[in-house]
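Student: I am new to this structure. Please take one helix and look at it closely, then show me how the rest of the chain fits around that part.

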Amino acid sequence: MLNALKNKIQNTLAANFKDFSGLPEVMFTPAPNHVKADISLTWALSAAKVMRKNPLEIAKKVCEILDGFEEVS
């Protein structure tokens with residue numbers, strides 16, 4: 001199930017950020033203790049280095065993109 005979600009997110013982000021080459025692979029990490037979540041996605045921080053953009057702006061865009069996913073809350 002997590003592999004399917006990872007692939008779905010990877011493909012969606014690749015399509016939405018297709019103007020940039022060399023984007024990182026989507027990886028799940030444990031969520032920080034202060035956050036009520038099972039896993040977290042640190043892709044925006046890694047992608048910001050490649051894209052040379054503000055990671056918070058990328059994270060906001062990623063949240064907008066993933067908002068429609070039923071698996072993501």
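Tutor: What follows starts with the second helix and then moves outward along the chain.

The model is a predicted one. A little orientation comes first. The chain has 3 helices and 2 strands. From the N terminus on, these elements run α-β-β-α-α. The radius of gyration is 12 Å, close to the 11 Å that the globule rule gives for 73 residues, so the chain is as compact as a globular protein of that length. Along its principal axes, the C-alpha trace spans about 30 × 25 × 20 Å. Buried residues make up 26% of the 73 residues. Now consider contacts with a separation of 6 or more. Residues 24 or more positions apart account for 40% of them.

Now the helix itself. H2 covers residues 43-51. Which of its residues are buried? They are Trp43, Ala44, Ala47, Ala48 and Met51. These residues cover an arc of only 130° around the axis, which puts them on the same side of H2. Turn to the face away from that buried side. There you find the exposed residues Leu45 and Lys49. What covers the buried residues? The cover includes H1, strand E2 (39-41) and H3.

Start at Trp43. This residue counts as buried, at 3% relative accessibility. Its ring has a partner. The count of aromatic pairs comes to 1. Phe17 and Trp43 form that pair, which is tilted, with 5.4 Å from centre to centre and 45° between the planes. The pair links distant parts of the chain. Phe17 sits in the loop between H1 and E1, Trp43 sits in helix H2, and 26 residues separate them. Phe17 is buried too: its relative accessible area is 8%, and the cut-off for buried is under 20%.

Now go to the other end of H2. Arg52 follows the helix, and its phi is positive, near 55°. That is a positive value in a residue other than glycine. Arg52 is found in the loop between H2 and helix H3 (55-66). Is Arg52 buried or exposed? Arg52 is exposed, with a relative accessible area of 77%.

Move on to H3, one of the elements that cover the buried side of H2. Lys60 forms a salt bridge with Glu57, and their closest N and O atoms are 3.8 Å apart. The two residues are 3 apart in helix H3, so about one helical turn separates them. Glu57 counts as partly exposed, at 48% relative accessibility.

That bridge is one of 3 salt bridges in the structure. Side chains of opposite charge can pair when their charged atoms come close. The other examples involve H1, which also helps to cover H2. Take Glu25 and Lys6. They form a salt bridge whose closest N and O atoms are 2.8 Å apart. Glu25 lies in the loop between helix H1 (2-16) and strand E1 (28-30), while Lys6 lies in H1, so the pair ties together parts that are 19 residues apart in sequence. Glu25 is exposed, at 52% relative accessible area.

Next, take Glu71 and Lys8. They also form a salt bridge, with the closest N and O atoms 3.3 Å apart. This pair links distant parts of the chain: Glu71 is in the segment after H3, Lys8 is in helix H1, and the two are 63 residues apart. Glu71 counts as partly exposed, at 39% relative accessibility. Lys8 counts as partly exposed as well, at 34%. Lys8 has another neighbour to look at. It lies over the face of Phe69, at 4.5 Å from the ring centre.

Finish with Phe28, in strand E1. Phe28 is partly exposed, with a relative accessible area of 23%. The C-alpha atoms of Phe28 and Lys6 are separated by 7.9 Å, although the residues are 22 apart along the chain. Leave aside residues up to four places away in sequence. Phe28 then touches Leu2, Leu5, Lys6, Ile9, Ile39, Ser40 and Leu41.

Back to the starting point. H2 has its buried residues on the same side, and exposed Leu45 and Lys49 on the face turned away. Its Trp43 pairs with Phe17. Arg52 follows the helix with a positive phi.

Notes: Residues numbered from 1 in each chain as written. Predicted model: local features only at pLDDT ≥ 70, side-chain atom pairs only at ≥ 80, totals over all residues. Heavy atoms only, no water. Helix = DSSP H or I, 4+ residues; strand = E, 2+ residues; numbered from the N terminus. Buried < 20%, exposed > 50% of the residue type's maximum accessible area, 1.4 Å probe, protein only. Salt bridge = Lys/Arg side-chain N within 4 Å of Asp/Glu carboxyl O. Arc of directions from axis to C-beta. Contact = heavy atoms within 4.5 Å. Phe/Tyr/Trp six-rings, centres within 6.5 Å; stacked < 30°, edge-to-face > 60°. Lys NZ or Arg CZ within 6 Å of the ring centre and 35° of its normal. Rg over C-alpha atoms; globule rule 2.2 N^0.38 Å.
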